[in-house]
Amino acid sequence: MVRKSVYARDDVIAAGLAVLEKDGAGQFSARRVAEELGASTAPVYSNFANMDELTVAVNEAVVDMMLSLMLEKHTDDPFLNMGVGVLEFARRRPRLYGAVFLHAAEDCVAGEKVQATLLERMEVLPVLDQLMPVERILVLNKLSIFTHGLATMICSGAAQGFPFDAMVALLSEVGHAILTDALAASPRAAADLALLGPLCEAPHPSQTDEE
């Protein structure tokens, strides 16, 4: 195999993804990424100012991979498809899911990008467009907590023996219950909204776009 003389930014990101998938977040370093490239660390630092910048780029690549699955048609319910895409990604790429979404330091920006994308989609889906914006945010956050729990079980191996179709059915039931409750609920009092606090706040576009 002929070693490349010039490595592009995408080459380094691809190598970073491979390291995460093979070794996990704990082994993510310039040396390991360089080894995966079959080069010195020079291509890493010629394309990225530092490892933090590379980490952000790799995390964004993981988020984009998961979002593509979340926007695919897995069922006849476009809202359910979002959650199924998360579970499918956790099932196919458990190390990548774990590296980005099970580490608090990296999770914030990645989670905000996912939430912002899904809220935009929810605004135009039938039934969901009937909800006030704050209620759509709460519905999404409630389901995100539940879906993340299932995805964590998949990544950790705790869901072994639990059929994937059963997990999708459970996700559908919970989603239906949460949405039905939201549609039937009376407008929330100011005190309730204050209590829920950050769960009622949408991500700011500037926060998700600046990385």
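1. Let's start with helix 9 in this predicted model. On one side of helix 9, Asp165, Glu173, His176 and Ala184 are exposed. The other side has its own set of residues: Phe164, Met167, Val168, Leu171, Gly175, Ile178, Leu179 and Ala182 are the buried residues of helix 9. Why do these buried residues lie on the same side of helix 9? Because they cover an arc of only 100° around the axis, they share that side.

2. What do the buried residues of helix 9 pack against? Their partners are helix 5 (78-92) and helix 8 (133-156). As for its length, helix 9 spans residues 164-184, 21 residues in total, and reaches 30 Å from its first C-alpha to its last. That is close to the 30 Å expected at 1.5 Å a residue.

3. Next, have a look at threonine 75, which sits in the loop between helix 4 (51-70) and helix 5. Its side chain reaches the backbone nitrogen of aspartate 77 at 3.0 Å. Leaving aside residues up to four places away in sequence, threonine 75 touches Leu80, Asn81 and Val84.

4. Finally, turn to the helix pair at residues 9-23 (helix 1) and 30-37 (helix 2). They pack at an angle of about 110°, and their axes are 8 Å apart. Angles of 65 to 115 degrees count as roughly perpendicular, so helix 1 is roughly perpendicular to helix 2. On the helix 1 side, the residues that meet helix 2 are Asp11, Val12, Ala15, Gly16, Ala18, Val19, Lys22 and Asp23. Helix 2 contributes Arg32, Val33, Glu36 and Leu37.

Notes:
Residues numbered from 1 in each chain as written. Predicted model: local features only at pLDDT ≥ 70, side-chain atom pairs only at ≥ 80, totals over all residues. Heavy atoms only, no water. Helix = DSSP H or I, 4+ residues; strand = E, 2+ residues; numbered from the N terminus. Expected span 1.5 Å × (residues − 1). Buried < 20%, exposed > 50% of the residue type's maximum accessible area, 1.4 Å probe, protein only. Arc of directions from axis to C-beta. Contact = heavy atoms within 4.5 Å. Polar contact = N/O pair within 3.5 Å; in protein donor to acceptor, adjacent residues only side chain to side chain. Axes fitted to C-alpha atoms, helices over the stretch in contact; angles between N-to-C directions. Parallel < 35°, antiparallel > 145°, perpendicular 65-115°, else oblique.
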